[in-house]
Structures are given as C-alpha cells and as structure tokens.
Amino acid sequence: MGDLDEVKGLSKTLINNYKKILMKTNDEIIMNDLLEAIYNKDNRSRVDLKNNNYIVVFDRELSTLYVYIADTNIDIARLEKDIILLTSFDKVANLFVNDLGKDIITRIISNLGMMLNRHVNVLCMSIDNIISNDNKYTLRKATLEDKVEILSNILEKVGITEESELYDYIVKDVVGKIKNNEYYVLVDGDEILAQTYLFEYDDSIFIHGVLTNKDVRNKGIATDMISQLVTLFIEDNKSVYLSVLDNNTAAKRTYEKVGFKQIGESHYFSLT
C-alpha cells in the first residue's frame, strides 16, 4: 500500500486484525511499538489479512521496521515482498521483532542480501507485586511550560543537537505527548528530576524508560517515579508494562525494586 491516505484509511482494519493476532501469542513490547507506529500518520503499515499471522510497520521518522509474527505458519514469500516494499521508501537502520519472528526475519534479511549488525535483547516486564517505597517527590503530568527542560534532558541523553535531522521530530513528538497527557514528570518544586511518557491501550499502560536529570542520578529518583506511576495505574485497575534493554542492568534493578518481573523478550537489530 504505497499511498499514505490508504494506510490511514486502513488503520481501523489493521488494529482490529492486530487484536486477533494477539489472541494467538502475547508480546507486549511489540504490541506497544506497533500500536504507536500505527497511530502515527507518517508510517506505512502492512498486515497479513488472510491468516492474521503477522504485521509489519515501517516508522519512517525513526528509520525502524517493526515486525510481529504470530506463528511460524506464514507466507514467507509475501512477508519478504512486504519487507522489500517497506524498506524501499528509505534506508532502514533498525529492525525490531518479537521472539517468535527472530529466526524467520534473520533468514529473510539474509536472503535479501542485507546484513544484521548489533543485536540486543529487549525484555518485557510487568508489575507482579507492588513493593512500597518512600516517595519524596511530586509526580504530575507535564505541561507545555516543561517542554524546554524536557527537551534539554532528552538531547543530553541521546547526544542530538538542534542541527540534527531528528531534532524537529523529537520536538513534535514531545509536544504531542504533552498535549495528549501522556508525558509525566517527577518534580522537586520547580525542578524536573525525572521524566517519562506512556502509551495506553484498552486496560494496559506501557511505561517508557525513566530519564533522570543528569545532576540527580543514582539517588533513587527513577525508583520514586516508577513507584508512583505504578500505584496510580494499579489503583485504576490497569495492567502496567515496560521494556528494558537486557544489558541495562541498572534500569532492570530499579524496575525489580518496584516489583516488576520479566514476562517476555523481543529483539532489536541494527541493519547495515
């Protein structure tokens, strides 16, 4: 589906078919990323409408291809054509697949003559039992007045300058999430200590990793923020999930301190 209007018009069909796929296997990390990508009007999406066995979403802004495979009984030739179609629009730097699809996608990419470079496991965690923590600071939704400080923290963390091609995307993304009440900050008076954003789908909340201000790291700030967020949503009868890179041991310890347990795994590749 090369036309963007057609993609937007099929969003409802795509999401409904995605729900059917999730009835077969459950991969909350890919669910989160695919749904966010589908809702972004600048993306191109493909879904196996015949068998409901896979979905492919190309995030043009982030040069990332998300692939969810529900079972191994799929049409490899068609999936390969979908990947060729989606990757033909731009250079794809990143590939994000669920655990079941890892070997299939690796084989397809190899057949296409592309190289898989860096491979990192991404762990999906859910709250098992809230462990109470002493919360010292105030959790609140971010406002547009917080935009400058939030952006400053992000740019410092990822090493992006205002001259970067991604800068405008990051600004638009942050402003959109603030306006949609998806961005949260932990504050001490007027100072932002930590920040995160979330994605809500039905009764599920997906928390994206906490970014702590560089001046207050390693002081329990992230634990405080996650603890308050979890308490807020659990009280509202929501299921709470988050994901973390397998090699980010500090973040994993923080989440486990609050009561998160690993429930799944996905795979992140860099393409060359």
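In this predicted model, one cavity of 30 Å³ or more turns up. The volume of this largest cavity comes out at about 50 Å³. Its lining is made up of Glu28, Ile29, Asn32, Cys124, Phe206, Ile207, His208, Tyr241, Leu242 and Ser243, with α3, β9 and β11 being the elements that chip in two or more residues. Sorted by class, that lining has six nonpolar residues, three polar ones and one charged.

On to the packing. The largest nonpolar core counts 27 residues, and Met225, Ile226, Tyr255 and Phe260 are the ones with the most contacts inside it. At least two residues each come from β5 (116–127), β7, β8, β9 (204–207), α8 (221–234), β11 (239–245) and α9 (249–258). Helix α8 gives the largest share, seven residues. Leaving aside residues up to four places away in sequence, Met225 touches Leu139, Tyr184, Val185, Leu186, Ala194, Gln195, Thr196 and Val210. Another core, of 22 residues, lies apart from this one; Tyr18, Leu34, Leu35 and Val47 are among its members.

Helix α7 (residues 167–179) passes a quick length check: at 1.5 Å a residue, its 13 residues should span 18 Å, and the end C-alpha atoms are indeed 18 Å apart. Buried along α7 are Tyr167, Tyr169, Ile170, Val171, Val174, Val175, Lys177 and Ile178. These buried residues pack against two helices, α3 (28–39) and α6 (147–158), and two strands, β7 (183–188) and β8 (191–201). Just past the end of α7, Asn181 adopts a positive phi of about 60°.

Note on methods. Residues are numbered from 1 along each chain as its sequence is written. This is a predicted model: local features need pLDDT of at least 70, side-chain atom pairs count only at pLDDT 80 or more; totals for chains, interfaces and linings use all residues. Side-chain values use heavy atoms; hydrogens and water are left out. Helices (H or I, at least four residues) and strands (E, at least two) are DSSP runs, numbered from the N terminus. The expected span of a helix is 1.5 Å times one less than its number of residues. Buried means under 20% relative accessible area, exposed over 50%, partly exposed in between (1.4 Å probe, protein chains only). Contact means heavy atoms within 4.5 Å. A nonpolar core is a set of buried Ala, Val, Leu, Ile, Met, Phe, Trp, Tyr and Cys residues joined through side-chain atoms within 4.5 Å. On a 1 Å grid over the protein atoms alone, a cavity is a set of points where a 1.4 Å probe fits but cannot get out, and a pocket is an open set with protein on both sides within 12 Å along at least five of seven lines; lining residues have an atom within 4 Å of a point. Grid points are joined across faces, edges and corners, and a volume is the space filled by probe spheres set on the points. Ala, Val, Leu, Ile, Met, Phe, Trp, Tyr, Cys and Pro count as nonpolar, Asp, Glu, Lys and Arg as charged, and the others, Gly among them, as polar.
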